Amino acid sequence: STSCGDDKKRRVCYYYDAGIASADYGEHHVMVPKRVTMAHNLVSAYGLLGHMRRLRTAPATESDLAAFHDAGYLALLRSGAGDADRGVDAAGERGGGGFDDNPAFDGLWDYCLRYAGGSLAAARALAGDSSDIAINWSGGMHHACAGKASGFCYVNDIVLAIRALLGRFRRVLYVDVDVHHGDGVEAAFAGSSRVMTVSFHQHGDNFFPESGELKIVGKGQDERCAVVNVPLKKGFGDEEYHQLFEPIMGRVMEVFDPEAVVMQCGADSLDGDRLGSLKLTLNGHAQCVSFLRSFNRPLLLLGGGGYTINHVASCWCNETAVAIGKDIPNDIPKHGFDQFYQNHGYRLHYTLSQGDKNKKNAKYVDVHKPSIDKLKQQVLENLSKLKL
Ligand code: ZLS
Ligand code: CA
Ligand code: ZN
């Protein structure tokens, strides 16, 4: 069980739309929307639903999406974008490599409206002051651009949610712990001093999307933008991560002093993920949530990546418990999906045997561990240079 920063309870509201489960990127795709249903069933089996207000299921409307996205791109998305073979990235052009990160699948438009609707409803619950923490695990699609899909993301629910929050709050902080760089959100607010974006991500060896280098503090001459990037090496685990996360986020809270915080909780930074090569434990990941929660600002929790689906479900269930401020037992209650956790002895907090993959990445930690403090100093220095 993770320490919750404090014992003070929060008013938590939770959004779940069962319609998300029918979205299917295709049988060989790594993105599996059903993992959100698995997380929800775990949340329910642990009895956590009784501790939260349930948000009304309300898909977004096309005009909601038009607050950020181009009309032409939305028309393409709504039309189903032609044959299944043709991705909707680059406004209809076929993705490279002969297979598609962003396939046009049946029910895609409906899926977009539902996950974006969840993040918007959650943002509105915070803006209307009816909750302290709002959760939408089906959101967090941080790569989508105004006019194109990217990295499994079609509609950028995060940008929409932040814009909704800006109607009520002066400064909004965005924190992204997905293993990938939060490029779409960063680009959308790079010119704004009312939104600071912070992403921690694996970087190097052409890891997608390759952006998010340390040196990028802002864009253009006038540095009135607030962008913080923390590039990490393969193999980094709880110890290395938190040597950076807490000092950096502590300083960010000090200098930016946000009135609301949006957190993308991508679970692909966990150990054993199919795409990522970081080694966070469930507790190490949740520690990011409890640290930000401890500052007591309106907090929006969103999902994101996560490609080993039982790990994802365990992670987001655990973080729902952290949001509420309730300890839950490590033994997974019997429920319809419990066979997915059999390989971990029906335990929430899984441990992996030292496989080849782990050994291989251990050398990266040996090489880069000594430079973590230097990285921290550089990020803190960048922070002191921002003109806010
Ligand atoms: O942050 O690396 C790339 C781009 C390519 C290689 C893959 N091909 C298909 C297109 C060109 C350079 N794409 C990344 C995208 C990662 C998106 C992360 C999203 C998020 O977690 C937020 C939700 C990538 N990495 C791995 C794959 N794509 C990938 C692996 C395996 C497959 C199966 C399904 C699809 C095609 C075969 C796929 C993609
Ligand atoms: Ca990230
Ligand atoms: Zn990711």
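Why is helix H5, residues 157-166, largely enclosed by the rest of the structure? Eight of its 10 residues are buried, and so the helix is largely enclosed by what surrounds it. Before I go further, let me say that this is a predicted model, and I will speak of it with that in mind. The buried positions of H5 are Asp-157, Ile-158, Val-159, Leu-160, Ala-161, Ile-162, Ala-164 and Leu-165.

One of those residues takes us straight to the core. Ala-161 is, together with Ala-122, Met-263 and Leu-300, among the residues with the most contacts inside the largest nonpolar core, which has 116 residues. The element that gives the most to this core is helix H4, residues 108-127, with 14 residues. As a general background, nonpolar side chains in soluble globular proteins tend to be buried together. If we take Met-263 and set aside its neighbours within four places in sequence, we find Met-263 in contact with Val-175, Val-289 and Leu-292, and also with Leu-299, Leu-300, Leu-301 and Leu-302.

Those last four residues make up strand S8, residues 299-302, and that brings me to the sheet. Eight strands form an open sheet, whose order is S2-S1-S3-S8-S7-S4-S5-S6, and the pairing is parallel. The edges are S2, at 53-54, and S6, each of which pairs on one side only.

Let me begin with S3 and its two partners. Strand S1, residues 12-14, runs parallel to S3, residues 133-136, and three bridges join them; within this pairing Val-12 has Ile-133 as its bridge partner, while Tyr-14 has Ile-135. On the other pairing, four bridges join S3 to S8, again in parallel, and here Ala-134 is partnered by Leu-300, a residue we have already met among those with the most contacts in the core. In a regular strand, side chains alternate between the two faces of the sheet. In S3, Ile-133 and Ile-135 point one way and Ala-134 and Asn-136 the other way, and all are buried.

Now to S5, residues 195-202, where the burial goes right through the strand: eight of the eight residues are buried, so S5 is largely enclosed by the rest of the structure. Both of its faces are covered, with Val-195, Thr-197, Ser-199 and His-201 on one side and Met-196, Val-198, Phe-200 and Gln-202 on the other. From S4, residues 172-176, the chain crosses through helix H6, residues 183-189, to S5, and this β-α-β crossover is right-handed. S4 and S5 run parallel and are joined by five bridges, with Leu-173 standing opposite Met-196. Towards S6, residues 226-232, there are seven bridges, also between parallel strands, and His-201 stands opposite Pro-231 there.

What, then, is unusual in the backbone of the loop between S5 and S6, where Asn-206, Pro-209 and Glu-210 are found? Most residues other than glycine have a negative phi, and most peptide bonds are trans. The peptide bond from Phe-208 to Pro-209, however, is cis, with omega near -5°. Asn-206 has a positive phi, near 60°, and Glu-210 likewise has a positive phi, of about 75°, although it is not a glycine. As for their surroundings, Asn-206 counts as exposed because it has 6 C-beta neighbours inside 10 Å, whereas Glu-210, with 13 other C-beta atoms within 10 Å, is partly exposed.

After S6 comes another loop that I would like to point out, the one leading to helix H7, 238-256, in which Gly-237 has its place. With 17 C-beta neighbours inside 10 Å, Gly-237 counts as partly exposed. Leaving aside neighbours within four places in sequence, Gly-237 is in contact with Lys-279, Leu-280 and Gly-284. The C-alpha atoms of Gly-237 and Thr-281 are separated by 7.5 Å, and these two residues are 44 residues apart along the chain.

Finally, the ligand. Which residues come nearest to ligand 1? Of the 22 residues around ligand 1, they are Phe-99, Gly-151, His-180, Phe-208 and Gly-305, so that Phe-208, whose peptide bond to Pro-209 is cis, appears once more. The shell around ligand 1 divides into seven nonpolar, 12 polar and three charged residues.

Notes:
Residues are numbered from 1 along each chain as its sequence is written. Chains are lettered from A and ligands numbered from 1 in the order in which they are written. This is a predicted model: local features need pLDDT of at least 70, side-chain atom pairs count only at pLDDT 80 or more; totals for chains, interfaces and linings use all residues. A residue is near a molecule or strand if its C-beta atom, placed from the backbone, lies within 6 Å of it. Ala, Val, Leu, Ile, Met, Phe, Trp, Tyr, Cys and Pro count as nonpolar, Asp, Glu, Lys and Arg as charged, and the others, Gly among them, as polar. A nonpolar core is a set of buried Ala, Val, Leu, Ile, Met, Phe, Trp, Tyr and Cys residues joined through C-beta atoms within 7 Å. A residue is buried if 20 or more other C-beta atoms lie within 10 Å of its own, exposed if 12 or fewer, and partly exposed in between; C-beta atoms are placed from the backbone. Helices (H or I, at least four residues) and strands (E, at least two) are DSSP runs, numbered from the N terminus. Two residues are in contact if their C-beta atoms, placed from the backbone, lie within 7 Å. Two strands pair if DSSP finds at least two bridges between them. A crossover is right-handed if, with the strands pointing away from the viewer, the path from the first strand over the helix to the second runs clockwise.
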